[in-house]
Amino acid sequence: MEVTASLLDQINSPADLRKLSKEKLEILCNELREFIIEAVSSNPAHLGASLGVVELTVALHYVFDTPNDKIIWDVGHQAYGHKILTGRKERFHTNRKFKGISGFPNIFESEYDAFSVGHSSTSISAALGMAIAAKKNQQNTQFVAVIGDGALTAGLAFEGINNLAANYCNVLIIVNDNNIAIDANVGGMSDYLVDIATSHTYNKVRRELFKTLGKIKLVGPRSRDLIIKINNSIKTFLTKQANIFESFNIRYFGPVDGHDVERLADVLTDLKDIPGPKVLHIITKKGKGFKIAEEKQTEWHAPVGKFDKDTGEYYFSTTEKSNSTRFQDVFGNTIVELARMNEKIVGITPAMPTGCSLNIMMKEMPDRAFDVGIAEQHAVTFSAGLAMGGLLPFCNIYSSFMQRAYDQVIHDVALQKLNVVFCLDRGGLVGADGATHQGAYDLAYFRIIPNMIVSAPMDEIELRNLMYTAQLPNKGAFSIRYPRGTGSIIDWQQPFKEIPIGKGRKLRNGKHLAIITIGTIGLTVSKICEDFSKKGIEIAQFDMRFVKPIDTELLHDVFTNFKKIITVEDGCLQGGMGSAVLEFIADNNYQTTIKRLGIPDNFIEHGTQEELYKVCGIDEDGIIKAITEFGII
């Protein structure tokens, strides 16, 4: 497929786009879609979401005066077309690469990125805050929040809608309805939007309603409220159900074909002139224009490698068996094994069944595995309710997403001493998703919560054994964090063994220097120690396994026998495992020299995991450098 982007070549900013006649927008959309496919085929990244909003992206920048008008993208997976049209076309080949452009909207990257984002469901709240600020500053600015139907499952989105209803501002919410987030959407909101989109009676008259009510000049708030009530009543009568948005006095328009760019431009132009909060409901297809991405939407949300841009075939076989297994699959298979043994076990995930591999359990035990939608807070309190009812929930949430449910962990789980097992996927540095997704903080933020057990396995067997241990009686709140990516052990499905709570282990003896590790970064340290041993330099290594309760007996052994210590962790230095060790030293009056290695006190941007480990000084070279600085060589 040869890309001949004659129109796209002329677009270096939305101002250039707005010079085009409306009849040329469809041609531009085709070129933009081909450009995205071409770029992602050679530099794998998120794909399906951006393909689905090509027409919307073009129409938005065509109608609105960006960057003076503000487009707030939700999550940001769908913003590739936006980036290409806003001056980053020539740099788009660096997308998600180290020192390249971010895969998500980023206010430090472009004035067209109105709000930095990476987690879902923030757009409505952000747009409302910005709109109120503009109103107070007497700025004539339009604000558009683009949110997917999947992101509407989050409580934050409803909180924003509720507050928008109480604050009359010019905010346009565009609901991009494609009936899928990464996996298929679940819950009542998804069903509700399907009902609206397929109501033939309503769709037959919606355009006339728009013409008659949409442009009536509103004089004062009472007239405005009357128009809205008439509008709501007619639509409710036609659809035989209340419109949830209009129940909040937010005017609803749609559904509209999200792939008809000229129609979208016309509708957006009309909506610009209607004051107050509004919702435009558009229907799109994720992966639009790339057949395999349309057919396999979950897989092609983010292709796993380079592929042929014409056929969609990968340049490698995805069915080839690797010598290693992803940690998420160790979790997914292990929870099924444990659930067969323990009928109380249930699994919970907030909209990531494929990403965390709970889909394995959902297939085998559909009545014992729950996808609750993009709703981390609900996932945790739902788990607390399950535990209160005598079940044993394994709540699997990505480390960075767990931050959104922190109060629920404290208030609803730990305070009540409930037995909920938190399996934190993507702990540590995750790579190309960047600062919004790095799992840097979980060891620190869980370590300070009473009644919490906080652990991190060094390998797949340890992960299985910690999961087994966590489901044994009277364990309380128990967190297990593990990284993104593959492990190191081929034969990992070993018989289960209980791990004593709060007990670490000595991995090797040594002289003069000891290294204390936690998690899978201990494997790198083990290799380094082995290499030094071949040179006659023996370095002791201790794997803590738990940061809470911490193994004080093991630490007494370390600090009694060693005066030079290095701690290494794939987590933040402030408050992490190294900090726990420093607290132990201070409490027990040990005199020692200690170096702490981990993620420093700044946000780590995107790149490969290897590049980011190097930036943080916790790659092999960084750890060796710390060892040599002790002068033992």
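Select P303 and display its surroundings in this predicted model. Apart from neighbours within four places in sequence, P303 is in contact with V40, P44, A45, L47 and Y314. P303 itself lies in the loop that connects α13 (291-295) and α14 (327-341). With a relative accessibility of 6%, P303 falls under the 20% cut-off and therefore counts as buried.

Next, add L47 and draw the C-alpha to C-alpha distance to P303. The two residues are separated by 256 residues in sequence, yet their C-alpha atoms lie 7.2 Å apart in space.

Now move to V40, one of the contacts of P303. V40 also belongs to the group in α2, with L32, F35 and I36, that meets Y80, G81, I84 and L85 of α5. The residues of this contact comprise seven nonpolar, one polar and no charged.

Show α2 and α5 as cartoons with their axes. The helices pack at an angle of about 105 degrees, and their axes are 10 Å apart. This angle lies within the range of 65 to 115 degrees, so α2 is roughly perpendicular to α5.

Finally, select α5 alone, residues 80-88. Is this helix mostly covered or mostly open? Eight of its nine residues are buried, and α5 is thus mostly covered. The buried set consists of Y80, G81, H82, K83, I84, L85, T86 and R88. To view what covers these residues, turn on α1 (14-17), α2 (25-42), α3 (48-52), α4 (54-63) and β1 (70-73), which are among the covering elements.

Conventions:
Residues numbered from 1 in each chain as written. Predicted model: local features only at pLDDT ≥ 70, side-chain atom pairs only at ≥ 80, totals over all residues. Heavy atoms only, no water. Buried < 20%, exposed > 50% of the residue type's maximum accessible area, 1.4 Å probe, protein only. Helix = DSSP H or I, 4+ residues; strand = E, 2+ residues; numbered from the N terminus. Contact = heavy atoms within 4.5 Å. Axes fitted to C-alpha atoms, helices over the stretch in contact; angles between N-to-C directions. Parallel < 35°, antiparallel > 145°, perpendicular 65-115°, else oblique. Nonpolar A, V, L, I, M, F, W, Y, C, P; charged D, E, K, R; others polar.
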